[in-house]
Amino acid sequence: MARDQFQTLTEPMYFTLLALGEVRNGAEITAWVNEITEGRIKLAPGTLYALLAQFLENDLIIRIQTDKKGKYYILTDEGKDLLYSEVERLRFLIDNYDNYFNK
């Protein structure tokens, strides 16, 4: 499983991994994250490529091809597991909020 640095994900981490549920290159990741978050999260190139390097190093994503449009990435099974764990963590937080305030 992923290292301790991925115990909780930042929003840029989360949305980058979510974007890689399908094959995308850096420009496509940036555009998709901007669209899905309605412009709230704008991934700067430095941030995106630092995240991609971390994810590659920790086997959360793989590079599957390179062409004129860039390098393309997709989630590994370990990346999918990490993303699922983060969603479950967030659901737990929401459930606790609901249980406390909606008694």
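Helix axes here are lines fitted to C-alpha atoms over the stretch in contact, and the angles between them run from 0 to 180 degrees between N-to-C directions. Keep in mind for each view that this is a predicted model.

**View 1. The whole chain, with its four helices and three strands.**
Walk along the sequence and you get the pattern α-β-α-α-β-β-α. The C-alpha atoms fill a box of roughly 55 × 30 × 20 Å along the principal axes. Of the 103 residues in the chain, 32% are buried. Take the contacts between residues at least 6 apart in sequence, and 53% of them join residues at least 24 apart.

**View 2. Helix 1 and its buried residues.**
Which residues of helix 1 are buried? They are Met-13, Tyr-14, Phe-15, Thr-16, Leu-17 and Ala-19. These buried residues pack against quite a list of partners: strand 1 (24-25), helix 2 (26-36), helix 3 (45-57), strand 2 (61-67), strand 3 (70-75) and helix 4. The next three views take the helix partners one at a time.

**View 3. Helix 1 against helix 2, in a right-handed crossing.**
The two helices pack at an angle of about 115°, and their axes are 9 Å apart. Angles from 65 to 115 degrees count as roughly perpendicular, and helix 1 and helix 2 are therefore roughly perpendicular to each other. From helix 1 come Phe-15, Thr-16, Leu-18 and Ala-19, which meet Ile-29, Trp-32, Val-33 and Ile-36 of helix 2. Sort the residues of this contact by class and you find seven nonpolar, one polar and no charged.

**View 4. Helix 1 against helix 3, again in a right-handed crossing.**
Here the axes come within 11 Å and cross at roughly 70°. Helix 1 and helix 3 are therefore roughly perpendicular to each other. Pro-12, Met-13, Thr-16 and Leu-17 are the helix 1 side of the contact, and they meet Leu-48, Leu-51, Leu-52, Gln-54 and Phe-55 in helix 3. The class count for this contact is seven nonpolar, two polar and no charged residues.

**View 5. Helix 1 against helix 4, in a left-handed crossing.**
Helix 1 (residues 11-19) and helix 4 (residues 77-101) pack at about 130°, with 10 Å between their axes. That makes helix 1 oblique to helix 4. On the helix 1 side, Tyr-14, Leu-17 and Leu-18 meet Leu-82, Leu-83, Glu-86 and Val-87 in helix 4. By class, the residues here come out as six nonpolar, no polar and one charged.

**View 6. The largest nonpolar core, 22 residues in total.**
In soluble globular proteins, nonpolar side chains tend to be buried together. Which members of this core touch the most other members? Leu-17, Ile-29, Phe-55 and Ile-61 do. Helix 1, helix 2, helix 3, strand 3 and helix 4 are the elements that give two or more residues to the core. Helix 1 gives the most, with five residues.

**View 7. Ile-61 and the residues around it.**
Leave out residues up to four places away in sequence, and Ile-61 touches Leu-17, Leu-20, Leu-52, Phe-55, Leu-56, Tyr-73, Ile-74, Leu-75 and Thr-76. Two of these names may ring a bell: Leu-17 and Phe-55 sit with Ile-61 among the residues that touch the most other core members.

**View 8. Glu-38, in the loop between helix 2 and helix 3.**
Buried or exposed? At 75% relative accessibility, Glu-38 counts as exposed, since the cut-off for exposed is over 50%. Its backbone is worth a look too: Glu-38 has a positive phi of about 55° although it is not a glycine. Most residues other than glycine have a negative phi. For a sense of scale, the C-alpha atoms of Glu-38 and Lys-69 are separated by 24 Å, with their positions 31 residues apart along the chain counted as the spacing.

**View 9. Asp-59, in the loop between helix 3 and strand 2.**
Asp-59 is not a glycine either, yet phi is positive here, at about 60°. With 46% relative accessibility, Asp-59 counts as partly exposed.

Note on methods
Residues are numbered from 1 along each chain as its sequence is written. This is a predicted model: local features need pLDDT of at least 70, side-chain atom pairs count only at pLDDT 80 or more; totals for chains, interfaces and linings use all residues. Side-chain values use heavy atoms; hydrogens and water are left out. Angles under 35 degrees count as roughly parallel, over 145 as roughly antiparallel, 65 to 115 as roughly perpendicular and the rest as oblique. A crossing is left-handed if the near helix is turned anticlockwise from the far one by less than a right angle, and right-handed if clockwise. Contact means heavy atoms within 4.5 Å. Ala, Val, Leu, Ile, Met, Phe, Trp, Tyr, Cys and Pro count as nonpolar, Asp, Glu, Lys and Arg as charged, and the others, Gly among them, as polar. Buried means under 20% relative accessible area, exposed over 50%, partly exposed in between (1.4 Å probe, protein chains only). A nonpolar core is a set of buried Ala, Val, Leu, Ile, Met, Phe, Trp, Tyr and Cys residues joined through side-chain atoms within 4.5 Å.
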